[in-house]
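Biologist: Could you take me through this structure slowly, with each term explained as it comes up?

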Amino acid sequence: MNTFRGRILFAGIIAILIGSILLFYSIYRVSILNSLTEEDKSFYMPVAREVAGLGGLFQSHQFNINKIISEPARYNIYDIQNNPLKDQIETEIEKISRVVVNFYSKSQDQDIKKYLDNIDSINKSFRDYNLAAIAIIQAFASENKQKDQGAISVEKFFTIIKDSEASISTSINVLADSFDEKITLGSVNIHHYFNTVIWLLFIIWVLDIVFIVWMLVYSGKVSNYLLSVSDSVSKIKGDQFNPEDISNSIPIYDENDLFELANKVTRLAKSVHEDTSGYKDRISYLENDNTRQKIIATYTTSILNSINVAVMVTDSLLKVSFINAEFEKMWKMKKNSVVDVDIMDLPFIKLIDDWKEALSKTNIGDSKKDMITFKGEFKISSKTKRNLEFQIMPLKDNSSRDIIGTMTIVRESTPKH
């Protein structure tokens, strides 16, 4: 596995295994969700609608009963016994019970017994509710000489009615809530969506295999090419080569990057061969120049950190290259958190009006002046603010005079009174 081809092969096998596990696990989960969707459409959603309808019917019936028992002398027991809503509610209760029992024989849902208990509670409470209402009418219609005893009976029946109303409403709500919890994926759109997900996962898996096969073939080609280049570089390093032999030993491919690599190695061989005699002097010169540049950079950094004005330098892409110590102190941030960050992503740039626009104008050279000056305010709190003066100037290359970045100088200014 230490070769380029071996690592690609190992990564491909791992990718196929992981992709296959994810694919078949996703299909398994989707199949479960699909079966739940079918149960919702065939049982939970229809029964939920029936339960909602039952609740509406009972509220209407409750309104009629309250009207009757508020003036019991004007009505008789047949107004309750022959009430169409009463018959409709009893039919609806029986229908829901039958559907639940039928589903119970086919499903292993552990909540079925709870559904049946709630339906039985509704049925019993509804029967007590109507009997208590009939009893109230009979109590007021009869010539009962024991008025005190009759008042006690009527009060008892009113209590039964209230308890039955509460029991029916609670049981209906419990049923409705239970079915609502079950209905999570019961829609045609979700059914089609998960079918589409299965096909998409399968297509991704196929594409993954195709990609891995292509990578294996291509990695073999690149691996052979790199071995040829490595042998050529080893010959150049040992100073035992002929430029023409180096050029002929590297195969030429149509890919631009591989062709460019071969071209560079060939030119390197020719250059090394021609300049071997003077390479030590050139290396010494480069080392001295590099040391000099490091010293200059160290002095420049020390100078910028010593001055008492805030300085920020950006490159030509408006990414922060440097901030001095005063800038860190002014904006309360560390150099490591802003260097190489785009100025558009820095929060303090957005807090100052015209700062971002001035940097952009300076960087592209649209400004007629070499330096842009403006003033801005930085609100430290709702009552405290700092008045700042900004100077932004372009940084130009000495040879081409091209703009290679910007430098911003920030000072605190005293507001005029």
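The questions below go from the surface to the interior.

Modeller: This is a predicted model, in which local features need pLDDT of at least 70, side-chain atom pairs count only at pLDDT 80 or more, and totals for chains, interfaces and linings use all residues. Residues are numbered from 1 along each chain as its sequence is written, and side-chain values use heavy atoms, leaving out hydrogens and water.

Biologist: Is Ile-13 buried, partly exposed or exposed?

Modeller: Ile-13 belongs to helix α1, which covers residues 4-70, a helix being a DSSP run of H or I with at least four residues, numbered from the N terminus. Buried means under 20% relative accessible area and exposed over 50%, with partly exposed in between (1.4 Å probe, protein chains only). Because its relative accessibility is 44%, Ile-13 counts as partly exposed.

Biologist: Which element gives the largest share of the largest nonpolar core?

Modeller: A nonpolar core is a set of buried Ala, Val, Leu, Ile, Met, Phe, Trp, Tyr and Cys residues joined through side-chain atoms within 4.5 Å. The largest one has 36 residues, of which Val-100 and Phe-179 touch the most other members. The elements giving two or more residues to this core are α1, α3 (84-104), α4 (112-141) and α5 (147-182), and the largest share, twelve residues, comes from α4.

Biologist: How many residues does the other core have?

Modeller: This other core lies apart from the largest one, and its members include Ala-310, Leu-359, Phe-374 and Ile-392. Its residue count is 25.
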